[in-house]
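Dear colleague,

I am handing over the structure below, and after it you will find my notes on its cores and cavities. Please read them alongside the coordinates.

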Amino acid sequence: MKNRRQLFENIVHGVFLALGLITVGCVLLITVYLVASGIPAIREIGLFEFLGGQTWASTAAQPAYGILPFIMTSIYGTAGAVLLGVPIGFFTAIYLAKLAPPTVKSSVSAAVSLLAGIPSVVYGLVGMLVLVPGIRIWFKVPDGASLLAAILVLAVMILPSIIKVSITALEAVPKEYEDASLALGATAVETYFRISVPTARSGIAAAVALGVGRAIGETMAVMMVSGNVANMPSLFQSVRFLTTAVSSEMAYASEGSLQRQALFSIALVLFLFIMLINAMLNLLLKQKAERS
Amino acid sequence: MKRLKRKMLLVLTAALLIALCGCTQKTSDNKGGEQTGLTNITGTVATDGSTSMEKVIGVLGEAFMANNSDVTFTYNPTGSGSGIQAVRDKRCDIGLASRNLKDEEKGVGLSETILAYDGIAIIVNPENGVSDLTLEDIAAIYKGEISSWQELGGSAGEIVLIGREAGSGTRDGFESITDTADICQYRQELTSTGDVITTVASNPNAIGYASLASINDKVKVVTVNGVAPSEDNIKNGSYLMQRPFILITRQGEELAPAAQKFFDFATSAEAVELISMAGVVAAQTK
């Protein structure tokens, strides 16, 4: 009897292990595949020329494969979105976690969840039909498809993750800390900013890192509003991100061509960026775990 | 909590089962596809390629399936380059491309059959006063040599150049006809014809190019050298902005019976009307 139970336990363990390994296997497979298919083009083009070149003309008679415009655009776009989105998300989170009356909290939270659930192509469509003509008229530029439009769309898109993770972090602050602060005569707002926010610091930092990850990986929405020309980034110019550089040409790049290989190399660069952000995120969460 | 977990497990199991059913369904379909009956032709016809050909191939596929109810017709809109690659890799029966095959593509054992001609329309915003451009004007505009509508008799305003992404069949067609390959100063490179039309419709200073079949009345079509992109003008060659839609097959290799039947149908006289319904000009005459 005991033996049979033991056997059953072992079988279940084995099944779970196998299922768990599927995820690990996928990550490994993708990593190996990306590195294997991304390296040849970098080797052929030259690392410095690939990362530092300012011209991308993959289908020209004299092809050039410089991805510096994409890298800079992705960095500027993400930084801009974080600069706009983080303050809004951060203050919204403080309000919802600490100050808002329950009815307001539940309805705003529902709206935030809804915002998180909107597919990115819908963000892109609204951006294309409303934001792009709007920028053209407000700023009196010939065309509104620009880095600015992409930054605005991305800022809205990263709000839900920033708000939700920040709320969780703020709500995890022990009530005793706040009570002690209030008992010492601090006002509610003083307490939230001097006690709650510093205590939840690593959680809020994780929220920001998550937002950065979402912004740098977004493809569809930015493809529809940024114009997709491989220019060096400038606020009112048409720009192309790392993500859109891969997706816009992949469908047409023929198998085995240097163009296709270079697209994989761009994907590899993007992958490394996201790995870096994830590593940062893990570090922050680890700090948080050690603290508590 | 425990109940919630159990519920979730149930949902997951259900989802898994549905997914598995979906898979088996598909496999059985494929199996059916390999059998060939004596009287009624059964099987699948897989086409893959040019997104510009979606309309024409959709119309032909529908009509073909209506006549041959046992045949499954599929179309995978991946782009001309991918379609050529797919037929080379034997991932589809017939490849579709919106340009002529290059010599190196013919060299690897592919052959082309012209199905129809597609006029590339030059479109501007309806508010734009310009209604005719010469081929040279168009080339100069896209090269950035003419940058204001005023130079062309329109109202003042910087011309906003809308184009397609590198590798697109329409872009390739446009740039090869106007001889502006690799030197176009695009303000926007969009990934679909619909996006080009939407963008031109929303910006009074924009100019763009798109497959004639997908034009709607939100944009104005300009005449080229005074010739409007009509069916007759495309067929007799007087409208200069045009390109072929081709069917690609592997040379010296017999098509599967169903695919052969579709190929014969698409290039037959009875398909001419269907092809023109899709807004392009059939290569065959009635």
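**Nonpolar cores**

In this predicted model, the largest nonpolar core (buried Ala, Val, Leu, Ile, Met, Phe, Trp, Tyr and Cys residues joined through side-chain atoms within 4.5 Å, where buried means under 20% relative accessible area with a 1.4 Å probe and protein chains only) has 53 residues, of which A:Phe50, A:Trp56, A:Ile67, A:Phe70, A:Leu242 and A:Ile266 touch the most other members. At least two residues of this core come from each of α1 (2-45), α3 (68-99), α5, α6 (147-171), α9 (201-217), α10 (220-225), α11 (242-250) and α12 (258-291) of chain A, helices being DSSP runs of H or I with at least four residues and strands runs of E with at least two, numbered from the N terminus. The most is given by α6(A), with 11 residues. Domain 1 (2-52) and domain 2 (67-291) of chain A each contribute at least three residues to this core, the bounds coming from an automatic or database domain assignment.

Leaving aside neighbours within four places in sequence, A:Leu242 is in contact (heavy atoms within 4.5 Å) with A:Ile67, A:Phe70, A:Ile71, A:Ser74, A:Ile266, A:Val269, A:Leu270 and A:Phe273. A second, separate core of 40 residues includes B:Ile141, B:Trp149, B:Leu152 and B:Val200.

**Cavities**

There are two cavities of 30 Å³ or more, a cavity being a set of points on a 1 Å grid over the protein atoms alone where a 1.4 Å probe fits but cannot get out, with lining residues having an atom within 4 Å of a point; the volume is the space filled by probe spheres set on the points, which are joined across faces, edges and corners.

The largest cavity, of about 50 Å³, is lined by A:Met128, A:Val132, A:Ala145, A:Met224, B:Gln188, B:Leu190, B:Thr199 and B:Ser202. Its lining comprises five nonpolar, three polar and no charged residues (Ala, Val, Leu, Ile, Met, Phe, Trp, Tyr, Cys and Pro count as nonpolar, Asp, Glu, Lys and Arg as charged, and the others, Gly among them, as polar).

The second largest cavity has a volume of about 30 Å³, and its lining residues include A:Arg136, A:Asp143 and B:Asn203. To this lining α5(A) gives the most, with three residues, and by class there are two nonpolar, five polar and two charged residues.

**Conventions**

Residues are numbered from 1 along each chain as its sequence is written, and chains are lettered from A and ligands numbered from 1 in the order in which they are written. Because this is a predicted model, local features need pLDDT of at least 70 and side-chain atom pairs count only at pLDDT 80 or more, while totals for chains, interfaces and linings use all residues, and side-chain values use heavy atoms, with hydrogens and water left out.

Best regards

Note on methods. On a 1 Å grid over the protein atoms alone, a cavity is a set of points where a 1.4 Å probe fits but cannot get out, and a pocket is an open set with protein on both sides within 12 Å along at least five of seven lines; lining residues have an atom within 4 Å of a point. Buried means under 20% relative accessible area, exposed over 50%, partly exposed in between (1.4 Å probe, protein chains only).
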